[in-house]
Amino acid sequence: MTDETILTGPLSDLQALAHALVNGARGRAGLVPLTLAAPLCRAAQGHAEVMTITGAYGHTAPDGSTPQDRIRAAGARNYAVTGENIARIDYRAPLPTAGDVHDFQSGWMGSPSHRDAILSPAYQDFGFGIAGAGDRVFAVQTFGGAGAPWWTSQSGPPPLGSDSASPAAGIAATARRILQRLNEARTVPLAADAVLDGVAASMLPPRAGLPIPHSSNLFGLLPLYEQPRWERLEVHAASCTACGATFTEADADTFAASLLAEPMARAAILGPAEAAGQALVADGLGAKTAVIVLGRRFH
């Protein structure tokens with residue numbers, strides 16, 4: 001434990017520099033920039049100062065708190081995924097400088113595990129803290145986000161419908177791609193059906209990522225004039241958590257693959273159904289659910 005004064009330097013300027021350096025690295029990798037988040041900065045700065053005071057260097061603080069604990073205690077939103085990079089420079093003047101921030105960033109980028117955190121598509125927010133005393137300087141990067149679509153490349157695909165400002169465009173594009181992928185497994189393609197879209201919407205769970213509610217009467221979810229027209233209805237769903245804030249091609253492909261891998265859903269998809277309706281929801285925090293209703297009309 002040090003009895004010396006903890007120094008932080010021009011903290012807001014150093015945090016802004018650290019933010020710019022991280023986003024520069026992400027930009028060169030084709031990734032979207034991170035947002036500098038005050039709660040993540042508080043968590044990072046608190047841990048940097050604790051390490052400076054105690055000399056205990058690690059992700060678990062002397063009080064037993066983890067990076068996720070500190071991020072939550074700092075008032076951050078409920079991230080699906082969180083992360084932390086830490087580093088220490090010995091035999092250095094204790095007043096943190098811009099040069100220190102550059103050195104820390106270079107060191108992290110030279111370490112595969114730390115570089116992976118900086119360049120992860122799973123994160124959207126960033127925080128930075130730095131403190132020095134004696135002849136040491138400690139720095140902390142914190143990360144939080146909604147995760148990333150499953151089975152993506154490092155950079156990840158762009159959101160479907162990203163050319164539109166409306167989230168509905170991404171949902172509609174994802175539904176079209178799911179149906180396209182399912183139809184690739186069929187001889188006669190399923191037709192998209194707006195009536196069944198309404199049934200699927202009625203079956204969405206109260207929160208993305210949760211199981212769909214049980215219904216013993218899917219026909220009762222149809223408009224009254226439509227109920228006599230349908231011979232058969234089935235509902236199936238796929239969900240993911242910590243898989244990104246917006247829908248992407250990877251989500252559509254993953255949901256389609258998940259449905260085709262589940263025996264009952266596969267039998268329904270490849271069976272006598274003629275039409276399909278879908279409803280999708282993302283909570284913006286990393287959970288997503290796709291509901292598909294398969295139907296056959298009387299002939």
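This passage looks at the disulfide, the aromatic pairs and the charges over rings in a predicted model.

Start with the cysteines. The count here comes to 1 disulfide. The bond runs from C240 to C243, and the two sulfur atoms sit 1.9 Å apart. Since a pair of cysteine sulfur atoms has to be within 2.5 Å to count as a disulfide, the 1.9 Å between C240 and C243 makes the grade. The link between C240 and C243 is right-handed, with 70° about the S-S bond. As for their surroundings, C240 and C243 are both buried. Another cysteine, C41, comes out at 8% relative accessibility. Buried means under 20%, so C41 counts as buried too.

Next come the rings. Searching the whole structure turns up 4 aromatic pairs. One of them is made by Y57 and F138, with 6.2 Å from centre to centre and 45° between the planes, which is a tilted arrangement. This pair ties together distant parts of the chain, as Y57 and F138 are 81 residues apart. Y57 belongs to the loop between helix 2 (38-54) and helix 3 (67-73), while F138 belongs to strand 4 (residues 136-145). The two partners also differ in how much of them shows. Y57 has 39% relative accessibility, so it counts as partly exposed. F138, on the other hand, has a relative accessible area of 2% and is therefore buried.

Y123 and F143 make another pair. Their ring centres are 5.1 Å apart and their planes meet at 25°, so this pair is stacked. The reasoning is simple: planes under 30 degrees apart count as stacked, and the 25° of Y123 and F143 fits that. Here again distant parts of the chain are linked, with 20 residues from one partner to the other. Y123 sits in the loop between helix 5 (112-118) and strand 3 (125-133), and F143 is in strand 4. Both Y123 and F143 are buried. This pair has company as well, because F126 joins Y123 and F143 in one aromatic cluster.

Finally, some rings have a charge sitting over them. Y57, the partly exposed partner of the tilted pair, has R88 over its face, at 5.1 Å from the ring centre. Elsewhere, K288 places its charged end over the ring of F247, and the distance to the ring centre is 5.6 Å.

Definitions and conventions: Residues numbered from 1 in each chain as written. Predicted model: local features only at pLDDT ≥ 70, side-chain atom pairs only at ≥ 80, totals over all residues. Heavy atoms only, no water. Buried < 20%, exposed > 50% of the residue type's maximum accessible area, 1.4 Å probe, protein only. Phe/Tyr/Trp six-rings, centres within 6.5 Å; stacked < 30°, edge-to-face > 60°. Helix = DSSP H or I, 4+ residues; strand = E, 2+ residues; numbered from the N terminus. Lys NZ or Arg CZ within 6 Å of the ring centre and 35° of its normal.
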